[in-house]
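Biologist: Please take a close look at one part of this model, the place where the two chains meet. I would like a connected account rather than a list.

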There are 2 protein chains.
Amino acid sequence: MFSLNEMGKRAVEAKGILAGLSTEQKNQALRCAAGKLIEQTEYLLEANQQDMKQAVANGMNPGLQDRLRLNPQRIQAIAEGLKQIAELPDCLGEVVESFERPNGLKLQKVRVPLGVIGIIYEARPNVTADAFGLCFKTGNAVILKGGSDALYSNKAIVKVLREALDFSGITPDAIQLIEDTDREVTREFMKLKTYVDVLIPRGSAGLIQSVVENSTIPVIETGTGNCHVFVDKDADIEMAVKIIFNAKTQRVGVCNACESLVVHNEIKERFLPALAQALKEKNVELRGDERVCEVLSDCVPATEEDYGKEYLDYILSLKTVDSVDEAIAHINRYGTKHSECIVTENEENAAKFLNAIDAACVYWNASTRFTDGFEFGFGAEIGISTQKLHARGPMGLRELTTYKYQIRGNGQVRG
Amino acid sequence: MFSLNEMGKRAVEAKGILAGLSTEQKNQALRCAAGKLIEQTEYLLEANQQDMKQAVANGMNPGLQDRLRLNPQRIQAIAEGLKQIAELPDCLGEVVESFERPNGLKLQKVRVPLGVIGIIYEARPNVTADAFGLCFKTGNAVILKGGSDALYSNKAIVKVLREALDFSGITPDAIQLIEDTDREVTREFMKLKTYVDVLIPRGSAGLIQSVVENSTIPVIETGTGNCHVFVDKDADIEMAVKIIFNAKTQRVGVCNACESLVVHNEIKERFLPALAQALKEKNVELRGDERVCEVLSDCVPATEEDYGKEYLDYILSLKTVDSVDEAIAHINRYGTKHSECIVTENEENAAKFLNAIDAACVYWNASTRFTDGFEFGFGAEIGISTQKLHARGPMGLRELTTYKYQIRGNGQVRG
C-alpha cells in the first residue's frame with residue numbers, strides 16, 4: 001500500500017502517458033478490461049461475498065445491501081458499461097475555438113484531459129469500474145476512495161482493471177484505489193492538491209457536504225435535487241398529471257425525481273383531485289399548504305421544512321401560488337439548482353419560467369426525470385452537477401475535460 | 001453596515017434582477033457610473049488621501065503605496081475602463097448548443113450569469129470598479145472584500161457606483177462592499193455558500209492560498225506564474241534572445257513574466273552569451289546549473305529552490321537539458337500551469353511541447369507576456385486562471401458566465 005503522496009506522484013506520471021494515448025489504444029484497453037471482468041466473475045463474487053457478510057453482520061439496511069451486492073448479471077452490466085464507453089467518440093484534441101490576433105499570433109483552444117481526478121463515493125462497487133472507464137477514456141488518471149463497506153469488492157475490481165491495463169501495455173496507475181479506511185486518510189486525500197486536479201464526490205448529501213467543506217482541491221458538486229413541477233393556470237391537466245406521476249413515482253430515490261409541486265391557485269380545484277387520484281396508485285403521501293388541504297381532504301399540512309426537503313420517498317409537498325412570478329420566487333428559494341419544470345400552454349409564462357429559474361435544467365412540459373447523461377444523449381454520466389463552475393447538469397465525457405491554449409507565433413514580443 | 005447573511009440575501013435578490021436587464025440598460029448604467037466617478041474625483045481623492053496617510057504611517061512599501069494611490073489620471077482610467085466594458089458585446093442569452101432527442105425533447109444550452117460572485121483582493125482601488133464592471137456586464141451581483149489598507153477608497157468608489165446604479169433605476173445591491181476589516185469576517189465570507197456562487201481571489205500567492213484553503217464556495221484560482229521559456233537546439237538564436245528579453249524584463253512583477261530559462265545543452269555555447277549580453281542592460285541576475293555556469297562566468301549557482309520560484313524580480317533561473325523530453329519533464333514538474341514557451345525551428349519538437357506541457361497557455365516562438373485578456377482580444381480581464389475547472393488562462397466576460405439547459409417538450413415522460 002502506497003502513501004497518498006506516492007499515489008499522487010504515480011497518478012501525475014500516469015496522466016502524462018494517458019494524455020498521449022490514441023483513441024484506439026484506449027478503446028482496446030477498455031474492451032480488454034470488460035473481458036477480464038467477465039473472466040474473473042468468480043473472483044469478484046468471492047470478494048463481494050466478504051463485503052456482504054460484513055454488511056449483514058453490521059446490520060446494513062436492505063437498500064444499501066442491494067447496492068453493494070454483485071451477481072453475474074451485474075458484473076456483465078459493468079463490463080457492458082466499459083464496452084459502451086469504448087464506442088463513444090473521443091473528444092480529446094478537439095479544437096474548440098481558433099482565432100488569430102492582429103500581431104499574427106495564432107491561438108487554438110484545444111480540448112485536453114483534466115489530469116488527475118479524485119472520486120470519493122459510497123459502497124457501490126459498480127461506480128469503481130464506471131468512474132475508471134469515463135476518466136480513462138478522457139485521458140485522466142483516477143484515484144478512487146470508495147466506501148469502506150465495499151473495500152473487498154473494490155480491491156478486486158481495481159486489481160482486475162489494473163491487470164487489464166498492464167496486459168494492454170498501459171500503465172496500471174491510470175487507476176489507483178485508496179485502501180486505507182481511516183477517515184483521516186480521506187480528509188488528507190481531499191487536500192492532495194499538489195497532485196489531484198479535480199475531486200468529484202458521488203453519493204449522499206452528507207458525503208458531498210463533507211467534501212465541499214474539507215477539500216482544497218476544486219470540487220464538482222453533484223447530486224442533491226429538490227426538484228419542483230409548477231402547474232400553471234393554463235396547464236393541460238392531463239399532461240400535468242402524467243408528468244408529475246412520472247417525475248414523482250417512476251423512481252423515487254433519485255436526484256431528478258420531483259419532490260415538490262407548485263400549483264396555480266386558479267387551477268387547483270380542477271387539477272388537484274385528478275392528481276391525487278393518480279398518485280393514490282403509488283400511495284404517495286401529500287403534504288400541502290392550507291389552500292391545498294381545502295381541496296384535498298386527506299392531505300397532511302406541510303411545514304416550512306417540507307418545502308426544503310429532498311424526500312427521496314413516496315412523499316410530495318404541495319404549495320399554491322397566485323402567479324408564475326410567485327412560483328419562480330418559491331422555486332428559486334427552495335430549489336437546489338438541479339431540475340425544475342413548468343407545465344403550461346401559455347408560451348409567455350413558459351419563457352419567463354425558463355429564463356428566471358436558476359437551475360441546471362429547466363423544463364417546459366416534460367418530466368424532470370430526463371436530467372441524465374444518457375437521456376441527454378451523452379452516452380455516459382459521471383454525475384449531475386448542481387454547481388455553476390465548469391459543468392452544469394448531466395456530466396458526460398466532455399465534462400471530464402478542460403482546454404488549453406496553444407499559441408503559435410514567429411517571434412512576437414509584447415510592446 | 002449589514003451582516004454577511006443580509007448582504008448575501010441582497011445579492012441573491014439583485015442577481016434575479018440583473019439577469020433580466022437588457023444590454024442597453026447595463027451599458028447605460030456603466031456609462032453613467034463612469035461619468036459619476038469623474039464627477040466625484042475630488043471626493044474619491046479625499047478618501048484615498050485617508051488611506052495614503054495611514055499607509056505612510058504604517059510604513060507601507062513604496063510599490064504597494066503606488067498601487068494604492070489614486071490621482072485624477074487614474075480615476076480617468078478607471079472610468080475609461082467602465083466605458084470600454086460598455087462597448088463589449090453582451091454574451092448572455094447566447095445559445096451555446098442546441099439539439100433534439102429522438103423523443104422530441106428540444107434542448108438548448110443557454111449562456112447565463114454565474115449569479116453572485118465574491119471577489120477578495122488587496123489594496124488596489126482600481127480593482128473595485130473594474131471587478132464591478134465585468135460582473136455587472138455579465139449579469140452578476142458582486143460582493144467585494146478589498147484590502148483593509150484601501151478601505152476609505154473602496155467605500156468611496158462603491159458609494160459612487162451604487163449612486164450611479166440607483167440613478168439608472170437599477171438595484172444598487174448589484175455591488176456591495178464588506179467594510180468590516182476583521183479577518184474573521186473574511187473567513188466567514190469564504191463560507192457564504194448559501195448565497196455566493198463563485199469566489200475569485202485576486203492578489204498575492206498568500207491571499208490565493210488562504211482562499212483555497214478556507215473557502216467552501218467554488219473558487220477560481222488565479223495568478224501564480226512560474227513561467228518557462230525553453231530554447232531548443234534548433235532555435236533561432238536572435239528570436240530566442242528577443243523573446244526572453246521581453247518575457248523577463250518588459251514587466252517583472254506580473255504573473256506571465258518568464259522566471260526560468262530551460263536551454264538545450266547543444267545550443268548553450270552559442271546562445272547563452274548572446275542572452276547574457278542582452279539581459280545585462282536590465283541587470284538581470286542569472287542563477288544557473290553547473291553547465292550554465294561553465295559558459296557564463298558571472299552566473300550564480302542555482303539551488304533546487306530557484307527552479308520552483310516565482311521571483312517577480314530581475315532574476316532568472318537557468319537549467320540545461322539534453323532533449324525536449326527532459327525540458328517538458330522539468331517544466332511540468334516546476335511550472336504552475338500558467339504559460340510556457342518553446343523557441344525552436346523544429347516543428348516536431350514544437351508539436352510535442354505544445355501537446356505535452358500541462359499549462360493554460362503554451363507558446364511556440366512568442367513571449368509568455370501575451371497571456372492576458374486584452375492581448376487575447378477578450379477586451380477585458382478579471383484574472384488568469386491557473387486551475388482546470390471552468391476556465392483556463394485569461395478570463396474575460398464569457399468566463400464570468402455559465403450555462404443552463406432549457407428543455408422544451410410536449411408532455412414527455414421517462415419510460
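Modeller: What follows describes the contact between the chains, after a short look at a single chain. The model is a predicted one, and every value below is computed from it.

Chain A has 15 helices and 16 strands. Its domain assignment gives domain 1, made of 4–221 + 392–408, and domain 2, covering 227–370. The C-alpha centres of domain 1 of chain A and domain 2 of chain A are 36 Å apart. Along its principal axes, the C-alpha trace of chain A spans about 70 × 70 × 35 Å. A compact globule of 415 residues would have a radius of gyration near 22 Å, and the 24 Å of chain A agrees with that. Of the 415 residues in chain A, 54% are buried. Taking the contacts in chain A between residues at least 6 apart in sequence, 73% join residues at least 24 apart.

Now the arrangement of the two chains. A turn of 180 degrees, with a shift of 0.0 Å along the axis, lays chain B on chain A with an RMSD of 0.0 Å. This is the relation of a two-fold axis. In chain B, the C-alpha nearest the axis belongs to B:H390, and the distance is 1.7 Å.

The contact itself takes 55 residues from chain A and 54 residues from chain B. On the side of chain B that touches chain A, the elements giving two or more residues are helix 9 (205–214), helix 10 (237–249), strand 13 (361–366) and strand 16 (401–412) of chain B. Strand 16 of chain B gives the most to this side, with eleven residues. By residue class, the side of chain B that touches chain A divides into 24 nonpolar, 18 polar and twelve charged residues.

Strand 16 of chain B also pairs across the contact. Five bridges join strand 16 of chain B to strand 13 of chain A, residues 361–366, and these two strands run parallel. Within strand 16 of chain B, B:Y405 is the residue that stands opposite A:C361.

Last, which surfaces do the copies use? Of the interface residues of chain B, 100% are also interface residues in chain A, so the copies meet through the same surface. To put the parts together, the chains are related by a two-fold axis, and strand 16 of chain B, which gives the most to the side of chain B that touches chain A, is joined by five bridges to strand 13 of chain A.

Technical notes:
Residues numbered from 1 in each chain as written. Chains lettered and ligands numbered in written order. Predicted model: local features only at pLDDT ≥ 70, side-chain atom pairs only at ≥ 80, totals over all residues. Contact = placed C-beta atoms within 7 Å. Helix = DSSP H or I, 4+ residues; strand = E, 2+ residues; numbered from the N terminus. Nonpolar A, V, L, I, M, F, W, Y, C, P; charged D, E, K, R; others polar. Pairing = 2+ DSSP bridges. Domains from an automatic or database assignment. Rg over C-alpha atoms; globule rule 2.2 N^0.38 Å. Buried ≥ 20, exposed ≤ 12 C-beta atoms within 10 Å, placed from the backbone. Least-squares fit on C-alpha atoms with pLDDT ≥ 70 in both.
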